[in-house]
Amino acid sequence: IHFLTSTFVLEPDAAKELKGREIARFAIHYDDDSSETVPVVFSKDVADWWVATFAAPVDPARVGWRGTNSESDPIELAELVWTNPHPGKTITTIDFISTGSNTAPFLVGITLE
């Protein structure tokens, strides 16, 4: 499963403190009522979508899309790739859950291979 996602840091001064912290998670639910959790970690999996000097950058291997906003400032989204450890089970739903940190994580899209 490929997730195209990012976050907005609510207080720019907090970006350094967020590095390495889980800011959101995906809960993958199966038809047998079991589930898996996929953590979303700041600076490893996502960073502030508005690429700025105050934000810790995302791992370059995670960048899934780059562009510019109306002010010509660079923006980017991260691509997280998750391999289902239970390929024989049917996924029924996926929840995207914020941890309530000083960020506003958002999800743009989900695709499957």
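Strands here are DSSP runs of type E with at least two residues, numbered from the N terminus. With that numbering, Ser101 falls in the loop between strand 6 (91-98) and strand 7. The model is a predicted one. We will come back to Ser101 after walking through the sheets.

Start with the sheet that holds strand 1. This open sheet has 4 strands in the order 4-5-1-7, and the pairing is antiparallel. Strand 4 and strand 7 stand at its edges. Each of these two has a single partner strand, so one side of each lacks a neighbour in the sheet. Neighbouring strands are turned by 25° against each other on average, direction ignored.

Strand 1 spans residues 2-9. Its partner on one flank is strand 5 (residues 74-81), joined to strand 1 by 4 bridges. The two run antiparallel. To find the register, look at His2, which stands opposite Val81 in strand 5. Strand 1 also pairs with strand 7 (residues 103-111). Here 8 bridges join the two strands, again antiparallel. Phe8 marks this pairing: it stands opposite Ala104 in strand 7. Is strand 1 mostly covered or mostly open? It is mostly covered, with 6 of its 8 residues buried.

Now turn to the other open sheet described here. It has 3 strands, in the order 3-2-6, with antiparallel pairing. Strand 3 (35-41) and strand 6 stand at the edges. Each has a single partner strand, so one side of each is left without a neighbour in the sheet. From one strand to the next, the twist averages 20°.

Strand 2 covers residues 22-30. Strand 2 and strand 3 run antiparallel and are joined by 7 bridges. Two residue pairs fix the register. Ala24 stands opposite Val40 in strand 3, and Ala27 stands opposite Thr37 in strand 3. Strand 2 is also joined to strand 6 by 7 bridges, and this pair runs antiparallel. Ala24 takes part here too: its bridge partner in strand 6 is Ser98. Ala24 is therefore a useful reference residue, with Val40 opposite in strand 3 and Ser98 as bridge partner in strand 6.Strand 2 and strand 3 form a hairpin with 4 residues between them. Asp33 lies in the loop between these two strands. What is the phi of Asp33? The value is near 70°, positive in a residue other than glycine. Asp33 counts as exposed because its relative accessibility is 79%, and exposed begins over 50%.

Ser43 makes a good contrast in burial. Ser43 sits in the loop between strand 3 and strand 4 (63-68). Its phi is positive, about 80°, although Ser43 is not a glycine. Is Ser43 buried or exposed? Ser43 counts as buried because its relative accessibility is 9%, where the limit for buried is under 20%.

Back to Ser101, in the loop between strand 6 and strand 7. Ser101 has 11% relative accessibility, so it counts as buried. Which residues does Ser101 touch, leaving aside those up to four places away in sequence? They are Leu18, Arg21 and Ile23. Ile23 belongs to the span of strand 2, residues 22-30.

One more feature remains, the enclosed space. How many cavities of 30 Å³ or more does a search of the whole structure find? The search finds 1. The volume of the largest cavity is about 30 Å³. Its lining consists of Thr5, Ser6, Val46, Ala47, Asp48, Val58, Glu76, Leu77 and Ala78. By class, 5 of the lining residues are nonpolar, 2 are polar and 2 are charged.

Which strands supply at least two residues each to this lining? They are strand 1 and strand 5. Strand 5 gives the most, with 3 residues. These two strands are also joined by 4 bridges in an antiparallel pairing. In the strand order 4-5-1-7, they belong to the sheet of 4 strands.

Notes: Residues numbered from 1 in each chain as written. Predicted model: local features only at pLDDT ≥ 70, side-chain atom pairs only at ≥ 80, totals over all residues. Heavy atoms only, no water. Buried < 20%, exposed > 50% of the residue type's maximum accessible area, 1.4 Å probe, protein only. Pairing = 2+ DSSP bridges. Contact = heavy atoms within 4.5 Å. Axes fitted to C-alpha atoms, helices over the stretch in contact; angles between N-to-C directions. 1 Å grid on protein atoms, 1.4 Å probe; cavity = no way out; pocket = protein on both sides within 12 Å on 5 of 7 lines; lining within 4 Å. Points joined across faces, edges and corners; volume = space filled by probe spheres on them. Nonpolar A, V, L, I, M, F, W, Y, C, P; charged D, E, K, R; others polar.
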